[in-house]
Structure formats: C-alpha cells, structure tokens
Amino acid sequence: MWKPPQRVKYEPNPGAWPSAAEASESLWFSPVDIGSLTLEHRTWVPAMVPWRSNEEGFVTDDVLDWYEGFARGRPGGLVIEATGIRDIPSGPLLRIGHDRFVPGLKELVDTVHRASDGHTKLFIQCIDFLAIRRRPDPIKFLERFLKITDDHREKLNAADWTEEDIRAHLVSLPDESLDAILTKRELEDLRIGYRERVTDTHLPHIADLPEVLPVLFADAAERARKVGIDGVELHYAHAYTMASFLSSKNTRSDGYGGALNGRARLPLEVFAAVRERVGRDYPVGCRFLSDECIDGGSSVEDALYFGMAFARAGMDFLSLSRGGKFDDAKQPSVGEAAYPYTGPSGYECMPAYISDDFGPFGRNIEPGGRIRRALREEGLEIPVVVTGGVHGFQLAEKMLRDGDADLVGAARQALADPEWFRKVHLGRGDEVRICTYSNYCEGLDQKHKLVTCKLWDRLDLDAPGVKFSVDGKRRKTAPRWQP
Ligand SMILES: Cc1cc2nc3c(=O)[nH]c(=O)nc-3n(C[C@H](O)[C@H](O)[C@H](O)COP(=O)(O)O)c2cc1C
Ligand code: SF4
C-alpha cells in the first residue's frame, strides 16, 4: 500500500473510556432514526468484504460466523459487505442478484438479529462493478490482444505491412518506444490491465447502463426487504460503477455525465427505482465519497451537491467514505489486477499508522462535518454516517457533539474487536482490543484472501471449536468475549 512520504508513525490513542452510566447517557449510545427505523445507538459497522462467500456468491457458514461476531457487539447499524446485484459469476463476492440467494440471506438476517438479541439493525450494501482484467504478459498482449489499427500503421509508417509484421515489430521494441505508438488507453491496457469505464459508451452494455441498473438495483433491494434485511445502502462510493457516474471524470455526453446534475442523474434514477419498488417505509440510503482524493476528481463541493440531491430525493441516510480510486492505484504485477486502495486515494480511504502530519485518525471528519452542516442549513435532517480512523469513545462522542456526524462508523476497529461497542457500552472499554491500523487486513483483502486481524488470528489456536483458514495457520474469527 502507498505510504505518505512523511512516514510519521502513529500509535492508536482511544482516549479515556466511559463508565457504563456515562456511556448510557452519551450521544453515541443514544437512538437515531433512519427513515422509519429506529437504531438503538449511533454506532455503525460499515461494509467490509471479508472474502468468505463461495464461487457461487452464497452465504456460507464463514459469512454467518463473521457477521455473528459483529452482531454480538450490538452496533446500532451493521452493513453487510458490498454484495453484487447481477446474476453473474463474481468470485467469492456475496451476491443478491437472484432468488436462489434468498434462503442464505434469510439465515444471515436471523443470525444477526439473534446474536445481537434484536439490538442491531442490518443493512446490505448493494454494488455494481464493471469488468477489470489482470495485467497481461506484454508479449501476449502485443501478439494477441492489441487490436492493430490504422493509427498504428501510420505511426509506424507501415501501411503495407501485414498485421503479423506489425505485431512482431511491436514485440521487438523497447517498452518506452511504445509510448509514441500506442494510445493512452492501449498503454494502460498493457501496463495496468484492461478496465471498463462508464465513459466507454461505444460498448453497448456500457451505453445501456442507465437503462439496466435501476432495474437491477430495484430487484436487489426488493429481495433485501423480502429476506428481512432492515435497510439498503446503495454503493455509490470508491471505484465502482455508481461512483464512476458521480465522478468529475465522467464525461459521458448522453445526459449521464459532464456537469454535476448529469453525473448525479443515474444515481438518482437508481434510487427512484429502488424507492418505488420497496416503498417509502423501507430505509434506503447510499454510501458516497466526501472527496475522491485524486487529481481532477470530485471534491467536497461536489459531494455537497450530491448530498443535497440525495436528501431532497428522499434518501433515508448518507454514509460518507473517501478516496479508494483506480486512477492513482499502484501498477499491479503481471498476472495481477489493479486494486483501488493501493495509491494515495486508497490511503485516504483506509489510512494506516505510517502517515503524514495529520495522521490516520479522523481524516473524514472535517469534510463529513461540512456536508452535514450544509444539509442542515438547507433544512435537510437526513442522518449522516462518518467513518475513518475512529477507535475510541471520546473522538466519536466529540464528532456527534460538534455536529460532524449523526452516526459514527468504525470498520477496522470493529474487525480488531467485533464486540468493542458492547464492551464500551457496558463500561468495560479497558477490555477493548485496539486496532493498530497496520492494514494487514487490507493486504489480505487485496489478495482476495479470507480477511482476519493480526491482533487475534493466532490467538488461542488450540481452543475448542476454532475454525482455521485454508493455510491452517489463522483462526477465522476473533476469540469470543464473555460479558
Ligand atoms: C477488509 C476491508 C474491506 C472493506 N470493504 C468495503 C466494502 O465492501 N464497501 C465499502 O464501502 N467499504 C469497504 N471498506 C472500507 C471501510 O468500510 C471503511 O470505510 C474504511 O476501512 C475506513 O474506516 P476505518 O478507519 O474505520 O477502518 C473495507 C475496508 C476493509 C478494511
Ligand atoms: S489487521 Fe487488525 S489491527 Fe491491523 S488494521 Fe486490520 S483490524 Fe486493525
């Protein structure tokens, strides 16, 4: 993962823990309404993909165990990982794109409601993403995949060469020479790997996204409601389809790109279709970026516009993340695919302990607060979830007191200690296992390996009932806490 050049090292600093009485009277452990739903607390576990589904995208025992752990911590809201809305093979990513996923998802709902004793409301993050391929072997790319065009012939002064001659010549050239011959996009396909964009409107299935996606998201949301999930989070963040529509890099000229209203159009149409399908009384919100954190990307001002538009359209909550884009991702090795959390914008999304002068904690608070205050100034009371580097009660409580957020999320801290919210609520904060922001978990995610935390995955390995990862070295879930 990319590291800020300053390389300042930070230790976690959760601050003082409240007594049980203080926690009960705090804002963080006070109720909040999300549409028609009341969450008992303003504590939130945002979506985290743990690579525990199977090749068919079903809920597995590992998926159930993972969410059961968080549910025992009784957060107000728990969001199921990014879950694919299409009925297409997606590797071990959870899916909701067909009714055959219904029984497994129902079991997941029952598991969470049971393990939290009915205290936690469950949301699901619905995602669409476009095709991405691995970085190709350069010889294979030039010999087979590259489409030879008139432009190449002209640049090579090779009008009468056969295609085979051109390919052989390209293979013989040093890599830098290709800069003058291939287009920017071809060079990217060669050096990073082919990746579809929402701006590839010459491809019919990309041109048709505005027709196809509202129905797919609505189908998924209807299924979520049917299985008893308490609400839906539309994934409009990071590097995926809907975020790419919102991005200032979206130059589509069909009314779904360009100016802010064009970029927000499909996300609003998707929401409208979802709303129509699930009804006004079912909670629907979205996760989007307070800032894309890339050169020429959408800024906080853009996010203010989107937040207003989503709130006015009738969304029930907004959850803010930041960064996590392909645009500045690290070049993958040959045979690997690019990963959107490996560059500076990825760092903004999941900042690690080696940081800059600001540090890894609370980087999303200032923009989150700006967005929330702007909404309130317009009389929009929509609850806003802010996440990023929060691992202590004091900071979360301050965010709520200062009006920077209505709910405070913690992803990695909840992974480090799935039961931490309950510990804090019961006045036993000194028993919390504190995340060190090592990003070991994120490294596993990057390799699509079962996600665990380095603070617990080698603990008590000989305890009865421990389940192990395929390499046999790591336990899959955190040791259980006895309240
Ligand atoms: C292993 C892992 C998987 C993640 N998967 C998702 C995801 O599916 N959807 C999403 O919106 N964010 C995802 N994130 C980002 C987190 O939700 C969160 O925004 C980020 O980790 C910053 O919050 P934190 O500092 O509390 O960890 C993931 C993070 C981690 C560590
Ligand atoms: S591996 Fe554990 S300690 Fe390290 S960042 Fe992830 S959750 Fe935190």
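Leucine 289 stands opposite serine 321 in strand E9. This pair is a starting point for a walk through the model, which is predicted. Leucine 289 is the last residue of strand E8, as E8 spans residues 284-289. E8 and E9 run parallel and are joined by 5 bridges. Between the two strands the chain passes through helix H12, residues 300-313, and this β-α-β crossover is right-handed.

E9 also pairs with another strand. Strand E11, residues 384-387, runs parallel to E9, and 3 bridges join them. Here leucine 320 stands opposite valine 386 in E11.

Are the residues of E9 buried or exposed? The strand covers residues 317-321, and 5 of its 5 residues are buried. In a regular strand, side chains alternate between the two faces of the sheet. In E9, Phe317, Ser319 and Ser321 point one way, while Leu318 and Leu320 point the other way. Residues on both sides are buried.

The next stop is ligand 2. Which residues come nearest to ligand 2? Of the 13 residues around it, these are Cys435, Ser438, Tyr440, Cys441 and Cys453. Two helices, H16 (412-416) and H18 (440-446), are the elements that give two or more residues to this shell. H16 gives the most, with 3 residues. By type, the shell divides into 8 nonpolar, 3 polar and 2 charged residues.

Last comes the overall layout. The protein chain is divided into two domains: domain 1 takes in 8-130 and 216-446, and domain 2 takes in 138-191. Their C-alpha centres lie 42 Å apart.

Definitions and conventions. Residues are numbered from 1 along each chain as its sequence is written. Chains are lettered from A and ligands numbered from 1 in the order in which they are written. This is a predicted model: local features need pLDDT of at least 70, side-chain atom pairs count only at pLDDT 80 or more; totals for chains, interfaces and linings use all residues. Domain bounds come from an automatic or database domain assignment. A residue is buried if 20 or more other C-beta atoms lie within 10 Å of its own, exposed if 12 or fewer, and partly exposed in between; C-beta atoms are placed from the backbone. Helices (H or I, at least four residues) and strands (E, at least two) are DSSP runs, numbered from the N terminus. Two strands pair if DSSP finds at least two bridges between them. A crossover is right-handed if, with the strands pointing away from the viewer, the path from the first strand over the helix to the second runs clockwise. A residue is near a molecule or strand if its C-beta atom, placed from the backbone, lies within 6 Å of it. Ala, Val, Leu, Ile, Met, Phe, Trp, Tyr, Cys and Pro count as nonpolar, Asp, Glu, Lys and Arg as charged, and the others, Gly among them, as polar.
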